[in-house]
Each structure stands twice: as structure tokens, then as C-alpha cells.
Amino acid sequence: MFKQSCQFQSNLITELEISNLNAFELINRVLSMDNTLFLIDENVYQIYFAGLQIDKPCYILKAEEQHKSLYQSQEIYNFLLTNNCSRNHYIVVFGGGISTDIGAWIASTFKRGTKLLLIPTTLLAMIDAALGGKTALNHNGIKNLIGSFYPADKIIICPSFLQSLPADEYYNGLVECLKTLLIIQDFDKANKLLSEKIINEDDIYLIANTKLSICANDLYDKGARRLLNLGHSFAHIIESLSDNAIPHGAAVAWGMLFAYEYSLKKKLLDIEKTNQLKDLLNKLIKASPSLYQHSIILFSNIMLDKAKTQIHHLILNDKKNNGSLKLILFDTQQIIVYQEDNIEEVEIFFINQLKSRYQLEK
Ligand SMILES: NC(=O)c1ccc[n+]([C@@H]2O[C@H](COP(=O)([O-])OP(=O)(O)OC[C@H]3O[C@@H](n4cnc5c(N)ncnc54)[C@H](O)[C@@H]3O)[C@@H](O)[C@H]2O)c1
């Protein structure tokens, strides 16, 4: 009998560029590249491409969760086939996280992998979705059920695209920016960002680069990458119970507040950190353009009744939980992964949070 192990090469490199061109200049630059095929978010296409003469193959992506699907993927494979896409072609994706997730999936699977250039156009995609190599499709109503790890060859962040972004979409990104700043404990930047509510190129670079570095050390999501889930365990429950009437950004903002409350309950925080976090998280919640509407839903009797019957099932069904719950919590020194074996305690805590009809600090 012969036995041998074999080390596969892993020389994956992602190049990150922050461009200070305006969106139209960047589009012209990218359109002049050879061997490219374009996948473009339908709204981005309407705003930025509609008046242009484009002599490259373009597929207009439907940018809604129900279209982050195998069905749309099949249409895109046919488009690539018709246009003779080879492994040496760049698939260039312009759009938010839905587009970068589906575009990256296509690049990772078509002919077992083409080149990939991502140009994120929402704040969330610039600092989160386009970075770190996770591709995803939804299937059978389950979010991100299908996917792969396939880091882009190149990501170009062009903040000029943010000028056309609706306020609620901007807020979704702002929440994830704050999450990353809390992970690296940069409270000054977090405060500045929440006061100004405008993000500059340097901050985008810092936050994007932080996510990229965390993922580069844990591409396959086995360790450090877990920290990026700060606020997300509670957020997934909030999104599910509200049938997504509370969108992801708002759910993560409330999720981080609940994580902070749970950290207090577990006596993980000293008084100074308690005050710092309480202040920041309250400001974050209040920055939401739809705060009133979401608070009414979150603290409604309907949510409470649903939580009482569904929370156990929701916690156990979360794909990352195997019997115990790994919560990302605040500690005085840092953000930590906290293994909670008493799931019932989390259930009671969550229901009590809903009952509290949280009073935002003035
Ligand atoms: N792969 C990952 O690591 C990762 C991480 C976080 C989120 N995600 C995924 O990202 C998705 C959410 O991404 P998102 O928040 O960017 O949403 P999105 O892609 O749905 O975009 C939001 C909306 O903004 C529009 N839009 C995009 N750019 C615009 C611009 N510059 N001006 C005006 N409108 C614009 C889109 O057409 C869409 O209607 C989810 O599917 C989520 O699962 C993936």
C-alpha cells in the first residue's frame, strides 16, 4: 500500500485599489480593457451606463435577493457561452453585494474559474461583500445556501458611486463600517463616522483592508473570520422573525446592541467600555433613516409572539450552530467568541429584549 499527502499550491492574490476617479471616468477606463465581459446591476446600468456606447458584451443583472439564484446563473452561463468567454477573460462586475456575490459565483464556476474584477457600487459591497472571496446564491428560500470561496483577482473601490446610493442602502453600509471599527477597537473613528455620517476614502480603505486582511488569514471561515459576525447572530433572528421587514443593516445595528446587552449580562465589560459602547450603539441606531418604522416592527406584539414560538428553532437552525451557540460579544479588551451552551438563556434574553421596548438614550 502507498500513502502520500500532497500540498496544493495556494497562491491566491487579490489586488485592492481605491480610485479617486469619478464613476464615469472609471467606467471608461474599465470599458477599454481587453478580454472582458460585463455583469452590471440593473440600477447601476440605468444611472451610469445607459447613455454610453458599449462595444463589450454586457449582461444586466437583476439585483434582488430572489434573483441571486441558479436560474439567473443559468442565463449568465448562456450569455458567457454565446460570447466565447474563456478562462483568460475577466468577468467584470459592477454592483452591490447581490451582484458581486452572483458574479463571483459565476467566475468561480464557469469553465472552473475565470478571472474576476469586482467594482462594488454600494457602501456595503465596498467594505464587506466584495472582499474576502465568499461567493453565494440563494436556493429554496435559504440565503447563501450555495457558494464557494473564490477571491477576486482585483477589486476597485470608487467612492464616487456612493453619490447615487439611496439613504437606507447607505445606512446598511454604515452599520457594517461601524462593526469593523468596533472589531479593531477604533472608537475615535467610529465616533467621527457616526457624527459626520460621511465616509472618506481613507476610512473606506482602512475598513476594506481590515476585512480583507482578516479573510486572507482565514479564507475558509474556520477561525478569525467569525469575528466579522459581530451582531449577526441576533440580526439573523430579527430578520427572520420580521420576514425581512427589518432590513439587514438595521437588524445588525440592533443585533450589536443586543450583543452589548448580553455582554453586560455576562459581566464582560468594565464601566468605561460600557459607557463608550452604549453611547456609540445608541448613536448608530438613531442614525437609521427608518428608525421609527423598524422600532415599531421590532417591539410589536406580533414579533414577541413569533419569538416565543420560533426562537428555539431559529437558533438551532442557524447553519453555524452545532448544539451550542457561538456568540460574538464585547469584552473590556476586545471582541470575543463566546461559547454559550445554555441556549435557553439566550432565548429568554432575546424575548426580554423585545419586551423591554428599548428606550433609546437621549
Ligand atoms: N460575500 C460576502 O462576503 C457578503 C458579505 C455581506 C453581504 N453579502 C451579500 O450582499 C448582499 C447585499 O448587498 P448590498 O447591500 O450591496 O445590496 P444590493 O446588491 O441589493 O444593492 C442594493 C440596491 O442598491 C442598488 N445600487 C447598487 N449600487 C448603486 C448605486 N451606486 N447607486 C444607486 N443604486 C445602487 C442596487 O440595484 C440595489 O437595488 C446580500 O445578498 C448579502 O448576502 C455578501
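**Exercise 1. Which residue in β5 does Val-92 stand opposite?**

Solution. Before starting, keep in mind that this is a predicted model.
- Step 1: Find the two strands. β4 covers residues 90-95 and β5 covers residues 115-120.
- Step 2: Check how they are joined. Six bridges link β4 to β5, and the two run parallel.
- Step 3: Read across from Val-92. Its partner in β5 is Leu-117.
- Step 4: Try another pair. Phe-94 stands opposite Ile-119 in β5.

**Exercise 2. Work out what lies on the β2 side of β4, and which residues point which way.**

Solution.
- Step 1: Look at β2. Five bridges join β2 to β4, and these strands run parallel.
- Step 2: Pick a pair here too. Leu-39 stands opposite Val-93 in β4.
- Step 3: Sort the side chains of β4. Tyr-90, Val-92 and Phe-94 point one way, while Ile-91, Val-93 and Gly-95 point the other way.
- Step 4: Decide whether β4 is enclosed. Six of its six residues are buried, so β4 is largely enclosed by the rest of the structure.

**Exercise 3. Put the strands of the open sheet in order and find its edges.**

Solution.
- Step 1: Walk across the sheet. Its six strands come in the order β1-β8-β5-β4-β2-β3, with parallel pairing.
- Step 2: Spot the edges. These are β1 (15-18) and β3 (58-61), each of which pairs on one side only.
- Step 3: Follow the twist. From one strand to the next, it averages 15°.
- Step 4: Add a helix. α4 (residues 97-109) packs on the sheet and touches β2 (36-41), β3, β4 and β5. The direction of α4 makes about 170° with that of β4.

**Exercise 4. Describe the shell around the ligand.**

Solution.
- Step 1: Count the residues. There are 28 around the ligand.
- Step 2: Name the nearest ones. Asn-43, Gly-96, Gly-97, Ile-98 and Thr-122 come nearest.
- Step 3: Sort by class. The shell has 10 nonpolar, 11 polar and seven charged residues.
- Step 4: Trace the shell back to its elements. α2 (42-49), α4, α5 (123-129), β6 (134-139) and α6 (167-183) each supply at least two residues.

**Exercise 5. Is Ser-242 buried, partly exposed or exposed?**

Solution.
- Step 1: Place the residue. Ser-242 sits in the loop between α9 (232-241) and α10 (248-265).
- Step 2: Count its neighbours. It has 19 C-beta neighbours inside 10 Å.
- Step 3: Apply the cut-off. A buried residue needs 20 or more, so Ser-242 counts as partly exposed with its 19.
- Step 4: See what it touches. Leaving aside residues up to four places away in sequence, Ser-242 touches Ile-297 and Met-303.
- Step 5: Look further off. Gly-113 is 129 residues from Ser-242 along the chain, and their C-alpha atoms are separated by 37 Å.

**Exercise 6. Now step back and sum up the whole chain.**

Solution.
- Step 1: Count the elements. The protein chain has 14 helices and 10 strands.
- Step 2: Judge how compact it is. The radius of gyration is 21 Å, close to the 21 Å the globule rule gives for 362 residues, so the chain is as compact as a globular protein of that length.
- Step 3: Get the dimensions. The C-alpha trace spans about 65 × 60 × 35 Å along its principal axes.
- Step 4: Look at burial. Of the 362 residues, 40% count as buried.
- Step 5: Check the contacts. Among those with a separation of 6 or more, 72% come from residues 24 or more positions apart.

How values were computed: Residues are numbered from 1 along each chain as its sequence is written. This is a predicted model: local features need pLDDT of at least 70, side-chain atom pairs count only at pLDDT 80 or more; totals for chains, interfaces and linings use all residues. Helices (H or I, at least four residues) and strands (E, at least two) are DSSP runs, numbered from the N terminus. A residue is buried if 20 or more other C-beta atoms lie within 10 Å of its own, exposed if 12 or fewer, and partly exposed in between; C-beta atoms are placed from the backbone. Two residues are in contact if their C-beta atoms, placed from the backbone, lie within 7 Å. The radius of gyration is taken over C-alpha atoms; the globule rule is 2.2 Å times the number of residues to the power 0.38. Two strands pair if DSSP finds at least two bridges between them. Axes are lines fitted to C-alpha atoms, for helices over the stretch in contact, and angles run from 0 to 180 degrees between N-to-C directions. A residue is near a molecule or strand if its C-beta atom, placed from the backbone, lies within 6 Å of it. Ala, Val, Leu, Ile, Met, Phe, Trp, Tyr, Cys and Pro count as nonpolar, Asp, Glu, Lys and Arg as charged, and the others, Gly among them, as polar.
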